[in-house]
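Subject: Structure handover

Hi,

Here is the structure for you to look over. My notes follow below it.

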Amino acid sequence: MIKLIAFDLDGTIGDTVPMCIRAFEKAVSPYAGHTLSEREITQTFGLNEVGMIKKVAGEKWREALHDFYPVYEEMHQSCPSPYEGIRELIKTLQKAGVLVALITGKGDKSCRITLEQFGMRNLFCSIKTGTEDKPNKAEAIEELLHDFRLNKDEFYYIGDAVSDVAACNKAGVTCLSAAWATTADVNGLKKANPSKVFPSIKELTLFLSIEK
């Protein structure tokens with residue numbers, strides 16, 4: 001029986017990845033000395049914004065980080081709401097007695113900005129954010145299992161990236177792949193996580209209702 005489900009944030013709860021890339025490009029490019037390409041930015045994904053900015057801005061990372069947050073918050077107005085159906089799914093799970101947590105690579109501050117924008121700040125039983133030195137989702141999953149005294153087969157993680165599948169494999173838990181984002185690598189997800197890729201929130205909701 002599944003007792004806790006943790007969600008990723010960007011690309012899983014909301015279509016925030018394109019906005020994140022634009023905000024990063026606008027705020028950090030002046031400190032990198034050139035206009036950052038999407039590839040340069042996405043190669044830093046997995047780290048929180050401090051780690052991402054340090055990779056491309058070098059010694060000027062503090063100034064870049066200072067500029068990033070207001071740009072990020074302003075640009076978030078282009079993505080004011082989570083995906084349709086995601087809030088309802090979370091509330092349905094909670095009503096059924098399933099704990100719902102959040103594990104994201106974002107840092108504390110950018111995570112808080114997004115959750116406040118979405119009106120979801122108080123929706124999760126636990127929020128685990130990223131670190132600046134390495135991707136830490138596997139460790140965050142293990143912390144949740146320990147904190148709530150769960151067996152690995154009592155837990156799901158829902159994320160949109162192939163790296164989420166790898167983190168779940170490392171932690172020994174099941175990943176359900178969210179393939180509804182425009183930025184999702186659907187073929188990569190199907191290869192890494194066959195039979196557990198969901199093209200829509202509706203299909204995931206149906207799967208979880210059966211699983212209960």
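Two strands count as paired if DSSP finds at least two bridges between them. Helices (H or I, at least four residues) and strands (E, at least two) are DSSP runs, numbered from the N terminus.

This is a predicted model: local features need pLDDT of at least 70, side-chain atom pairs count only at pLDDT 80 or more, and totals for chains, interfaces and linings use all residues. Residues are numbered from 1 along each chain as its sequence is written, and side-chain values use heavy atoms, without hydrogens or water.

The sheet. It is open, has 6 strands and pairs in parallel, in the order β3-β2-β1-β4-β5-β6. β3 (127–128) and β6 (197–198) are the edge strands, each pairing on one side only. β1 (residues 4–7) and β2 (residues 99–103) run parallel, joined by 4 bridges. A6 stands opposite A101 in β2.

Helix α8 (residues 162–171). D164, V165, A167, C168 and A171 are buried (under 20% relative accessible area, 1.4 Å probe, protein chains only). Seen down the axis of α8, these buried residues fall within an arc of 160° (directions from the helix axis to the C-beta atoms), so they line one face of the helix. On the other side, S163, N169 and K170 are exposed (over 50%). Their buried counterparts in α8 are covered by elements including α7 (137–147), β4 (155–159), β5 (174–178) and α9 (186–192) (contact: heavy atoms within 4.5 Å). Just after α8, G172 takes a positive phi of about 80°.

Best wishes
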